[in-house]
Amino acid sequence: MSRRPVPSRRLADGGSVPLVGSLSQKSKASPLLSVALVLVGGFLLIGYFYGGAGHFSEKEAPRAEGLSCTAAVQHAIPILKKAYGDSMRKVLHVGPETCTVVSELFKEEDTEAWGVEPYELEDADGRCRSLVRKGIVRVADIKFPLPYRPKSFSLIIVSDALDYLSPKYLNKTLPDLARVSSDGLVVFAGYPGQQRAKLSELSKFGRPAKLRSSSWWIKYFFQTGLEENEAAMKKFEQAANKRSYKPGCQIFHLTS
Ligand SMILES: *[C@@H]1O[C@H](CO)[C@@H](O)[C@H](O)[C@H]1NC(C)=O
């Protein structure tokens, strides 16, 4: 008699605790309440929305453009041209949405471009499928050696791809990227704290991005025997300042 089902009661309590508490309670409770969820879905959505909004305003601030570094790469092309000059003649881009980057690179004079798409191409448009058919863009798991001969490209640009690799695979992939490049490697990596922006893409990438600090990367490059390309770094910064380019990603310039 005194026991009665109280799903609505639990939710009312949840609603009155601070937002962080209500979020964690939600994630624990939701598998148990899967049936009740249909009825109270609206309520949960509101809670999630508020929680999410609070989170974003704190952590998303440094991000200037888009949800990935792909946009940052596209905007960086003219600046990379200034910094790298002739080294932009044969570029390989490695990362999601590589068709977009490759198409953008094609617009540059004196630049040939290729791409490696590390994840499945789900909703590729006709233009992208054509790039794949011609062998300009390849779909390849970058945990394994790239299907190119040494120094096939003058410059390699990597974005949103290394963040998903553990140090074990980074140890194989980074030297392999250096192997296929003759003049250098430009790495676009996410800032720590951008994790949530990638949550929607989890199913595609298989594991959450491990967004590392710039000191982590620099230490890692050093341990792996990769050197930062100081000259390119300086030129890039100068050109970026001139154009008020503020990337939403960390950018590293390495020699190969
Ligand atoms: C990666 O390589 C570095 C440098 O060679 C080494 O110190 C480190 O233990 C390696 N990490 C893994 C997980 O294999």
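Here are some notes on this predicted model, point by point.

1. Overall make-up. The protein chain has 256 residues, and 31% of them count as buried. Its secondary structure comprises 11 helices and six strands. If we take the contacts with a separation of 6 or more, 70% come from residues 24 or more positions apart.

2. Strand β1. A good place to begin is β1, residues 90–94. Four of its five residues are buried, so the rest of the structure largely encloses this strand. Two partners are worth looking at, β2 and β4. With β2 (112–117), the pairing is parallel and runs over five bridges; in this pair V91 stands opposite A113. Between β1 and β2 the chain passes through α5, and the resulting β-α-β crossover is right-handed.

3. The other partner of β1. Strand β4 spans residues 153–159 and also pairs with β1 in the parallel sense, here over four bridges. To find the register on screen, look for H93 of β1, which has I157 of β4 opposite.

4. Helix α5. Which residues of α5 are buried? In this helix, residues 98–106, they are T98, C99, V101, V102 and L105. Because these residues cover an arc of only 165° around the axis, they lie on the same side of α5. As a reminder, an α-helix has 3.6 residues a turn, so residues three or four places apart point the same way.

5. What covers α5. The buried residues of this helix are covered by several elements. Among the helices are α4 (69–84) and α6 (126–133). Strands contribute too, including β1, β2 and β3, the last of these being residues 137–139.

6. The ligand shell. Which residues are around the ligand? They are P167, K168, N171, Q223 and T224. Helix α7, residues 167–179, gives the most to this shell, with three residues. By character, the shell divides into one nonpolar residue, three polar ones and one charged one.

7. Two backbone angles to look at. Most residues other than glycine have a negative phi. D110 is not a glycine, yet its phi is positive, at about 60°. Where does D110 lie? Its place is the loop between α5 and β2, and D110 counts as exposed because it has 9 C-beta neighbours inside 10 Å. K151 also has a positive phi without being glycine, with a value near 55°. This residue sits in the loop between β3 and β4. K151 has 14 C-beta neighbours inside 10 Å, so it counts as partly exposed.

8. A contact far along the chain. If you are checking how distant parts of the sequence come together, try K234 and A83. They are 151 residues apart along the chain, and their C-alpha atoms are separated by 8.0 Å. K234 belongs to helix α11, which covers residues 230–242. Is K234 buried or exposed? K234 counts as exposed, because it has 12 C-beta neighbours inside 10 Å, and the cut-off for exposed is 12 or fewer.

Notes: Residues numbered from 1 in each chain as written. Predicted model: local features only at pLDDT ≥ 70, side-chain atom pairs only at ≥ 80, totals over all residues. Buried ≥ 20, exposed ≤ 12 C-beta atoms within 10 Å, placed from the backbone. Helix = DSSP H or I, 4+ residues; strand = E, 2+ residues; numbered from the N terminus. Arc of directions from axis to C-beta. Contact = placed C-beta atoms within 7 Å. Pairing = 2+ DSSP bridges. Right-handed = clockwise from strand over helix to strand, strands pointing away. Near = placed C-beta within 6 Å. Nonpolar A, V, L, I, M, F, W, Y, C, P; charged D, E, K, R; others polar.
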